[in-house]
Amino acid sequence: MIEFQNINKTYRVAKRQAGLGNAMKALFSREYELVHALRNVSFNIQEGEMVGYIGPNGAGKSTTIKIMCGVLTPDSGKCVIEGRTPWKERIPHVRQIGVVFGQRSQLWWDVPVIDSFELLRDMYKVDKKLYKNNLDELSELLDLGELLKTPARNLSLGQRMRCEIAASLLHNPKTLFLDEPTIGLDAVSKIAVRQFIKKLNKEHGTTVILTTHDMQDIEALTQRILLIGKGTILLDGNLDQLKKQVSERKTIVLKYSGKAPKICVGMTLTEAKEGHLVISLEPSVLQVSDAIAYLAAQTELLDVSVASITTEEMVATLYKEYSI
Ligand code: ADP
Ligand code: MG
């Protein structure tokens with residue numbers, strides 16, 4: 001269980017004005033500015049949950065993760081993870097958690113990946129047998145094989161990310177923090193990473209907290225999302241329910257042969273090409289089945305698909321609504 005309560009975090013940043021003269025002045029009399037990265041941030045996460053932590057750049061996601069990992073100490077507030085306060089009990093804490101920062105590596109650059117793993121085993125004091133079992137399982141699931149013998153600097157981003165994820169799990173953590181784990185990955189690697197995380201959560205009951213800008217990660221992995229903007233939690237809820245709250249609108253994509261059908265009240269035309277229409281429908285005005293019947297009566301329909309608002313559209317609407 002993760003309890004994160006009324007956490008505040010500010011960074012002190014040296015103020016700098018442009019120009020060489022100002023840079024010189026700043027060397028002698030530093031002025032500081034406070035950046036409020038987190039303001040009274042609160043949430044609880046239960047064991048075995050998978051949570052998508054989303055928000056625009058600079059919202060405070062990485063700061064939150066760093067506090068939960070014990071890397072940063074907040075100015076005020078309470079954070080208890082499985083009974084531990086991360087920044088006060090850092091060493092026992094890191095033995096129980098796994099962390100992957102998509103933009104930073106925990107592997108030693110110039111040595112074969114397996115050597116980094118051995119070092120981590122030593123650092124975390126993982127029992128030899130447990131390590132061997134975990135390594136075998138992770139190698140198989142993440143298809144590490146030859147990669148283990150390769151220095152990290154020679155791996156592609158997708159290969160390295162698979163190794164990073166394995167590295168974060170060698171000590172069997174109960175909780176896994178993933179900060180943008182799919183950033184920059186190609187489509188195939190993204191799918192591999194998603195499938196692995198899903199399986200890990202399902203089979204080992206690992207709690208997963210994931211930050212990402214890729215809404216397909218969210219769709220594939222999490223039911224619950226936490227939205228943060230400018231250091232404040234704005235929403236905490238179920239993805240499908242949020243989508244419905246944001247918009248009930250449906251998009252109807254239609255292929256027809258012959259004459260273009262006319263639209264009626266409740267429908268808005270968003271795209272029209274020869275033989276192809278995209279219609280936005282307000283179901284509270286006109287039901288989907290009635291709308292399709294209305295269109296079908298006018299022309300020969302070759303293909304129809306009906307879709308709800310996508311996660312990306314929902315997030316874009318929320319960012320706009322909250323001006324974040
Ligand atoms: P996110 O991960 O959501 O993009 P961050 O937690 O990295 O956001 O940053 C939140 C805010 O704190 C931003 O305004 C960022 O510029 C600032 N910030 C983050 N790290 C530091 C730091 N080490 N020093 C000063 N400001 C920082
Ligand atoms: Mg970040």
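Which strand or helix gives the most to the lining of the largest pocket? Some notes on that, bearing in mind that this is a predicted model.

1. The answer is strand 5, which puts 5 residues into the lining of the largest pocket. Helix 3, helix 4 and helix 6 are the other elements that give two or more residues there, alongside strand 5 (97-101).

2. That pocket holds about 500 Å³ of space. Its lining runs to 21 residues, and Arg90, Val94, Val99, Gln106 and Tyr124 sit nearest the centre. Sorted by class, you get 12 nonpolar, 5 polar and 4 charged residues.

3. Helix 4 is worth a look in its own right. Its 12 residues (113-124) should span 16 Å at 1.5 Å a residue, and since the end C-alpha atoms are 16 Å apart, the two agree.

4. On helix 4, Val113, Ser116, Phe117, Leu120, Arg121 and Tyr124 are buried. They cover an arc of only 145° around the axis, so they are on the same side of the helix. They pack against helix 3 (90-94), helix 5 (128-141) and helix 6 (157-169). Just after helix 4 comes lysine 125, with a positive phi near 55°.

5. The second largest pocket has a volume of about 260 Å³. Here 17 residues make the lining, with Asn172, Pro173, Leu200, His204 and Thr206 nearest the centre. Helix 7 gives the most, at 5 residues; helix 5 and helix 7 (187-204) each supply at least two. The class split is 6 nonpolar, 6 polar and 5 charged.

How values were computed: Residues numbered from 1 in each chain as written. Chains lettered and ligands numbered in written order. Predicted model: local features only at pLDDT ≥ 70, side-chain atom pairs only at ≥ 80, totals over all residues. Heavy atoms only, no water. Helix = DSSP H or I, 4+ residues; strand = E, 2+ residues; numbered from the N terminus. Expected span 1.5 Å × (residues − 1). Buried < 20%, exposed > 50% of the residue type's maximum accessible area, 1.4 Å probe, protein only. Arc of directions from axis to C-beta. Contact = heavy atoms within 4.5 Å. 1 Å grid on protein atoms, 1.4 Å probe; cavity = no way out; pocket = protein on both sides within 12 Å on 5 of 7 lines; lining within 4 Å. Points joined across faces, edges and corners; volume = space filled by probe spheres on them. Nonpolar A, V, L, I, M, F, W, Y, C, P; charged D, E, K, R; others polar.
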